[in-house]
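Here is a protein chain to look over, step by step. Have a look at the model first, and then we'll go through some of its parts together.

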Amino acid sequence: AAFFGPVARGNPVVDSFEAELRRVLSSLRRLRGAGDAKPPQHDLHRHGANTLFNIWIKYKPRLPEWYYNERLVKVGDTLAQIKEYKLALHQCYERYLQQFVSVNLDDVMDDVQRFKSAFFPNGVRDKNAALMFHVLQARNVCIYQMVCSRDRNLQNGESLQTCLNALTSLRLTMQVALPQEDLCWLIYNGTIHIYTICRHLMVMGHSAKVLEYLLWASICMESSIPLLSVHYLTWRATLYTAVSQCYFDCQAGIHGEIFARRGLIKIDELKQLEDISSSLEHTETEKIFREATLKMSVMIFKRAVYESRKKSNGFRRESRVNPRKAVNVSWPRTTTERLLVAMFDGAAAQFLAILEALSDPNRNLLPPHPPVPDEVQIPEVTSELFSAGLEILSGNSLKKQKQLENIFVITAGEEGVSGDAAVKFVKLAFSYEEWNVFYSAFEFVDNFLQAQDDPTWKKAELELKLLTLMQPIVLPGRFERSFSITDGGKSKEGSTRRGSEKTQTIRSECCSESLKPGDLFRDLMILATTTFSYVSTFEQNVHPGKEILVDVVMCLWQKCKTELQQIQKSGSHCLEYIHKHQAHQWVHILWIMNEIIEKSNIADTNVMFAEITLCLAAILENVADS
């Protein structure tokens, strides 16, 4: 807001202009607050957009140019704040830019000199340069947000390319602004925008494409002297962590560790300077440095916990303790736990390191599978990580801490494990087929979740219950082991044949008396009807996440597909076939699958869902013709 000048008071033209702007913005704000637009509200929105268009046309020749331009940008910022990105882009930011650039805006984004001559003909020290930089950044943010609104999963190749173009444009804008120290705010904002887009693309599996942009953002933070202060260290460490994670995602763990160690060096350099002259409270700076150091240490541990085992395998095999037999041994019990204790203070930091070491962007919930590494030591380390995580979880109270990024808020020395981290741990145990850990951790976490009122925790509770219902389907008869955990040095034991007592209770509550225990169809029907009830009877913000709903439907389809295709092939003899083979229950599950797809709005997330819908339509047509 620093670039907006004073408003001339008492001028009837200005007063009229401001009043009309307030009315249209107020109307658009009310419409946005009403939620998903219904047909009549679409008309109101269109009216608001047309009104705004007419205001700009009407008042442009009647207002001073500087004042008109500043209000143009300010209104764009307001529209972006209320998530009216399309209006902000076309009615404000691009309207502003088109006054200065007559060519296609994207055509000048691939060359620094063309970019400078087009947008900064008077140089970047011109009084209007700051406003121009702001508009260029805001334009890219709007373009990215518009992609998210229509294609969040970036299934269309054009959507991905548009995001990459926005990143390139942001980088170019920052490159031109970087030499000007007074524009450090723009560099800082630019790194936030780049990080936001890159994190989204990383989740979608495009880490290799965004690595260069995250590296650029990190170097920019180091190259701007005002941004080298302790105040910005937390954010700088976050960028370092994202770069390291990108390397790990690209199967270049050694580079991820090297970059994290480089980050530690940079943090230590700043700490030495800060020790000489500190402008903040000592306790506050200590906390900032602890958090930054923890982030780097976690990324180092992510690789070191496996690599150290490979190197020591030849002469330390006998010293390792089997985690399954370590329940009566005092902590630290294994090589992995000793490394955790050596590198991290506090259970929260240790638990975070375990999560990061187990996390793999290429691993999905389904199908669950143990690690299949080149090195025989990897499964052993993985089991030790899960054993350590369970030991921490069983001995620490969970915290009601909702985290956007779990590494942002945990600091060294904390004892409590966050609810978010615990839920992620249970899901990872399912993914790795660590059934002892899965059911034991589920007991702790489910008790915590049931005691919470927030919809976020209810959603997590439903998701974990769905996992317990999927386990006997994806791996029938595979879980026959007993488990034991420690509680204050005392051992607890229990049978976990096909799940714990709690999960057996969950299945019993969901099961019809007509279905026989141990029957595959019984398990399929329980999973289908339970999922259907979750997406039908709860509020939208309590529904299980789309990712797990997709997994559930795909799981059901894979198990039912053969039977259903046989019914479909029976053609005009469909009713006879269904009666003869008692196949109506399979059709019932198919119907439930379609209802889940419709109620949860996941139809566009997987092309196979179209096959499910077509199968149901074909069977119903055959029944009608029978």
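Is Lys 58 buried, partly exposed or exposed? Lys 58 turns out to be partly exposed, because its relative accessible area is 39%, and that sits between the 20% limit for buried and the 50% limit for exposed. Keep in mind that what you're looking at is a predicted model.

**The whole chain**

Let's zoom out for a moment. The chain has 626 residues, and 52% of them count as buried. Its secondary structure comes to 25 helices and four strands. About 29900 Å² of the chain is exposed, with 51% of that supplied by carbon and sulfur atoms. Now take the contacts between residues at least 6 apart in sequence: 72% of these join residues at least 24 apart.

**Charged pairs**

Back to Lys 58, which has a partner. Side chains of opposite charge can pair when their charged atoms come close. The structure holds 18 salt bridges, and one of them joins the side chains of Glu 20 and Lys 58, at 3.0 Å from N to O. Glu 20 belongs to helix α1 (residues 12–33) and Lys 58 to helix α2 (residues 39–59), so this pair links distant parts of the chain, 38 residues apart. The two partners are covered to differing degrees: Glu 20 counts as buried at 17% relative accessibility, while Lys 58 is partly exposed at 39%.

Another salt bridge brings together the side chains of Lys 427 and Glu 463, with 2.6 Å from N to O. Because Lys 427 lies in helix α17 (residues 419–431) and Glu 463 in helix α19 (residues 455–474), the pair ties together parts that are 36 residues apart in sequence. Lys 427 is partly exposed, at a relative accessible area of 24%, whereas Glu 463 is buried at 7%.

Then there's the salt bridge between the side chains of Asp 523 and Arg 522, at 3.2 Å from N to O. Here Asp 523 is buried, with a relative accessible area of 5%, and Arg 522 is buried too, at 10%. Elsewhere, salt bridges that share partners join Glu 257, Arg 261, Arg 303 and Glu 307 into one network.

Here are the three pairs side by side:

| Pair | N to O distance |
|---|---|
| Glu 20 and Lys 58 | 3.0 Å |
| Lys 427 and Glu 463 | 2.6 Å |
| Asp 523 and Arg 522 | 3.2 Å |

**Two helices that cross**

How do the axes of helix α5 and helix α7 cross? The axes of α5 (residues 112–119) and α7 (residues 157–177) come within 11 Å and cross at roughly 75°. That angle is why α5 counts as roughly perpendicular to α7. On the α5 side, the contact is made by Val 112, Phe 115 and Lys 116, and on the α7 side by Leu 172, Thr 173, Gln 175 and Val 176. Sort the residues of this contact by type and you get four nonpolar, two polar and one charged.

**Some single residues**

Where is Thr 382? Look in helix α15 (residues 377–395). Thr 382 is buried, because its relative accessible area is 2%, under the 20% limit. Not counting residues up to four places away in sequence, Thr 382 touches Tyr 306, Leu 358, Pro 371 and Tyr 432.

Glu 84 sits in the loop between α3 (65–81) and α4 (85–97). This loop residue is buried, with a relative accessible area of 5%. Setting aside neighbours within four places in sequence, Glu 84 is in contact with Leu 28, Arg 32, His 45 and Leu 79. Glu 84 and Met 146 are 62 residues apart in sequence, and their C-alpha atoms are 9.3 Å apart in space.

His 42 lies in helix α2 and counts as partly exposed at 44% relative accessibility. From His 42 to Leu 31 it's eleven residues in sequence and 9.1 Å in space, C-alpha to C-alpha.

Finally, find Val 623 in helix α25 (residues 608–625). Val 623 counts as partly exposed, at 29% relative accessibility. Which residues is Val 623 in contact with, leaving aside its neighbours within four places in sequence? They are Cys 574, Leu 575 and Ile 578. Val 623 and His 573 are 50 residues apart in sequence, yet 8.2 Å apart in space, C-alpha to C-alpha.

Notes
Residues numbered from 1 in each chain as written. Predicted model: local features only at pLDDT ≥ 70, side-chain atom pairs only at ≥ 80, totals over all residues. Heavy atoms only, no water. Salt bridge = Lys/Arg side-chain N within 4 Å of Asp/Glu carboxyl O. Helix = DSSP H or I, 4+ residues; strand = E, 2+ residues; numbered from the N terminus. Buried < 20%, exposed > 50% of the residue type's maximum accessible area, 1.4 Å probe, protein only. Axes fitted to C-alpha atoms, helices over the stretch in contact; angles between N-to-C directions. Parallel < 35°, antiparallel > 145°, perpendicular 65-115°, else oblique. Contact = heavy atoms within 4.5 Å. Nonpolar A, V, L, I, M, F, W, Y, C, P; charged D, E, K, R; others polar. Areas by Shrake-Rupley, 256 points an atom, 1.4 Å probe, with all protein chains shown as cover.
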